[in-house]
Every structure is written in structure tokens, then in C-alpha cells.
Amino acid sequence: MRVEANHVAPASVPPTKTRNARPDKPVKPKRRIKLSFFGVTRLLFTLVVITGILYAVYRIGSVPKRYNILVIGSDQRSDEPGRSDVLMVVSLTKSPKVPQSIVTIPRDTRVEVPGFGKQKIAHAYAFDVDRSDGKNLGNKDLTKRVVENLLNMYVDATVEITFASFQQIIDKLGGVTTEANGQLNGEEALKIVRDRFREGGDFARTADQREILVQTVQTIKSKNALSGVYDFVKNSSESRITMNTPSFAAFFAYAVVRRGGSFSLENMHTDVVPGSGKMIYTPEFGKELYYWVPDAAGMKKLVHDWLS
């Protein structure tokens, strides 16, 4: 006889109680952040301001003690290669406690020109000229390199003008007034900066060049003519400015703030690269030529005191 086993239903197991158990709560939907047009605009404006502040801090931190500008006056005539008849380093300082300076490099200074040997520094501007930018000017890059090697310093920017563009700038300003020569128009100013054969020779000429440069800048400032002169230099085929604009803007802004809102080239120290004149035989010309031979020790001191 088959015996059927009694099937007993399993007892229900009560749920395990968890200490401090809380009853289930309904899940709330996630909140979505909604921004209005004005909210988005405000956020973007804040980000721009923060970015600007950080950039300004970075720029201020990278502002150099001095900003050195190489001014090149070219004796360019027609399409022939021009030499640098005028070479000056204008050294601006960010602090009013550090004096600014203008240092002339005589055009006959004997230097090593890479690829061309010993030369007068004026000749570097006439070598390997590239006029692909439409400017009827010389080799500023080679000239800048030679000046940097000579003075063992960094040139931040270059300004180039020819005799013709110099005269035009002076006339556009209505002339300049100098202590040494009084009121000058463009033609008169050009005659002075070019005249090497006068009492005092080239050193008297370079002194006048520095004064005329300073007075030209001061006239541009007093007549609020900076934008007009800058546009002329930028658009003329016989003038050129080469610089990192953001770097100069940061330097100039910092320098103006340090000076209480103004900037001037008055009371600048003026100097000339020290050395002595010598007649040296030059094989490529087959005769002795006059050179200004720099004094190494004196030049090192000059750079230390007024350009670095």
C-alpha cells in the first residue's frame, strides 16, 4: 500500500529587521538647474572677468625691468640697399626709480656681422635684404642680432624710418622745438640729423639726433598724435615697427601706473658706445678705413648701468 507523504506548506519567514530601519520613501525626481538668458550672460561675464584678471596677473609678473627699442634710421635712396645711418637703443623702464636712457651706436662701429665678417655696423642693414612685406627697407633682423651680440642684451622691438619718412613725420606734427636748434620743420630736422661734417663731427650729430627723437616723442604726446603717427608708420613703405604688441601694452600700462598715470622721455640719460677711432686696413676695399672700435670694459659698464 502506497503511503503519501504529508506536504506541509513552508512557514512564512518574517522579514529581517534592520536596526533603525526607516520606511521606504518615494524617490524625488532630480532637480534640473535652469538658467535664464541673464543668468547665462552673468556667468559668462564672470568667467571673462576672472580670465582677464588671471591674464593681467600673468602679464604683470612677466613685465621686464626694461623695454629696449632699437631705432634704425636708414639712408635708403630709391631701391638700392640702405645702411643704418642712425642706430639708437631707447631703454624704457617700468619703475620711475630706474632712469631711462638713449644710447647711440656710432655707424662706423667695427663689429662681427654673422656671415660677412668684420664690418661697419651700418652695413649689416644692407645685407640679404628681404622686401617681401612691401617695405622699402633693410635687414632689421640681422641688424638687431648684431646689436644684441655687441651689447650682450635683448632688444624687445625695432622702429625703422628712412630720411623721407622722418621728414614727413616731423611735418605732420607741425615741426619740433629743440633747445639746441629751436623750431625745426621736417627739412631742417633732417639736415641736422644727417650732417656729419660739422663742428663736433659725428658725436655732435648723434647728440642732436637724440634730442630730436625725444622732442618728437614729446610732441606726439602733447598733440595726442600717437594713433596718426602709428598709422603712418604702419602703412608707409618706408617705415616699420616690429614688436609684440601685448607684451609692450602690458609693460607700458604697468609703467604708466607706477608713474601715477603719465609717461615721459624727459630727463633721460644719453650716452654713446665707448671706444676710439682707428684707421684699419680693409681687404675688400684695398685700403684703410675709419672704424669706431668699442672699448669692451667701458661698454660692459654702460650696459650694466643703463641698458639692463
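**Exercise 1. Work out which elements contribute to the wall of the largest cavity in this predicted model, and of what kind its lining residues are.**

Step 1. Begin with the elements: β2 and α5 (201–222) each supply at least two residues of the lining of the largest cavity, and α5, with 4 residues, provides the largest share. The model in which this cavity is found is a predicted one.

Step 2. Put names to the wall. The residues lining the largest cavity are Asp85, Val86, Leu87, Thr104, Ile105, Pro106, Arg107, Asp202, Arg205, Thr206 and Gln209.

Step 3. Sort these residues by chemical kind, which gives 4 nonpolar, 3 polar and 4 charged.

Step 4. Place the cavity in the whole structure, where a search finds 1 cavity of 30 Å³ or more; the volume of the largest cavity is about 40 Å³.

**Exercise 2. Describe the largest pocket by its volume, the residues closest to its centre and the make-up of its lining.**

Step 1. The volume of the largest pocket comes to about 1400 Å³. Its lining counts 44 residues, of which Val159, Val217, Ile220, Leu226 and Ile241 are the closest to the centre of the pocket.

Step 2. Ask next which element gives the most to this lining. That element is α5, with 8 residues.

Step 3. Divide the lining of the largest pocket by kind, and the result is 30 nonpolar, 10 polar and 4 charged residues.

**Exercise 3. Check whether the length of α5 agrees or disagrees with the span expected at 1.5 Å a residue, and state what follows the helix.**

Step 1. α5 has 22 residues, and at 1.5 Å a residue these should span 32 Å. The expected span is 1.5 Å times one less than the number of residues.

Step 2. Compare this with the model: the end C-alpha atoms of α5 are 32 Å apart, which agrees with the expected span.

Step 3. Look beyond the helix, where α5 is followed by asparagine 224, a residue whose phi is positive, near 50°.

**Exercise 4. Establish the strand order of the open sheet, and explain why one side of β9 and of β10 is left without a neighbour.**

Step 1. The open sheet has 6 strands in the order β9-β6-β1-β2-β3-β10, and its pairing is mixed.

Step 2. β9 (239–242) and β10 stand at the edges, where each has a single partner strand, so one side of each is left without a neighbour in the sheet. From one strand to the next, the twist averages 15°.

Step 3. Follow β3 to its two partners. Strand β2 (residues 84–93) runs antiparallel to β3 and is joined to it by 4 bridges, whereas β3 and strand β10 (residues 269–272) pair in the parallel sense, also over 4 bridges.

Step 4. Add the residue partners: serine 91 has serine 101 of β3 as its bridge partner, and serine 101 in turn has histidine 269 of β10. Valine 89 stands opposite valine 103 in β3.

Step 5. Consider the side chains of β3 (residues 101–104). In a regular strand, side chains alternate between the two faces of the sheet. Ser101 and Val103 point one way, Ile102 and Thr104 point the other way, and all are buried.

**Exercise 5. Characterise the hairpin that β4 and β5 form, including its turn.**

Step 1. Strand β4 (residues 110–113) pairs with strand β5 (residues 117–120) in the antiparallel sense over 4 bridges; the bridge partner of valine 111 in β5 is glutamine 119.

Step 2. Between the two strands of the hairpin lie 3 residues, and glycine 115 in the turn has a positive phi of about 90°.

**Exercise 6. Locate aspartate 128 and asparagine 267, and decide whether each is buried or exposed.**

Step 1. Most residues other than glycine have a negative phi. Aspartate 128, however, has a positive phi near 45°, and asparagine 267 has a positive phi near 60°.

Step 2. Aspartate 128 is found in the loop between β5 and α2 (140–151), while asparagine 267 has its place in the loop between α7 (245–258) and β10.

Step 3. Exposed means a relative accessible area over 50%. Aspartate 128, with a relative accessible area of 60%, is therefore exposed, and asparagine 267, with 80%, is likewise exposed.

How values were computed: Residues are numbered from 1 along each chain as its sequence is written. This is a predicted model: local features need pLDDT of at least 70, side-chain atom pairs count only at pLDDT 80 or more; totals for chains, interfaces and linings use all residues. Side-chain values use heavy atoms; hydrogens and water are left out. Buried means under 20% relative accessible area, exposed over 50%, partly exposed in between (1.4 Å probe, protein chains only). Two strands pair if DSSP finds at least two bridges between them. On a 1 Å grid over the protein atoms alone, a cavity is a set of points where a 1.4 Å probe fits but cannot get out, and a pocket is an open set with protein on both sides within 12 Å along at least five of seven lines; lining residues have an atom within 4 Å of a point. Grid points are joined across faces, edges and corners, and a volume is the space filled by probe spheres set on the points. Ala, Val, Leu, Ile, Met, Phe, Trp, Tyr, Cys and Pro count as nonpolar, Asp, Glu, Lys and Arg as charged, and the others, Gly among them, as polar. Axes are lines fitted to C-alpha atoms, for helices over the stretch in contact, and angles run from 0 to 180 degrees between N-to-C directions.
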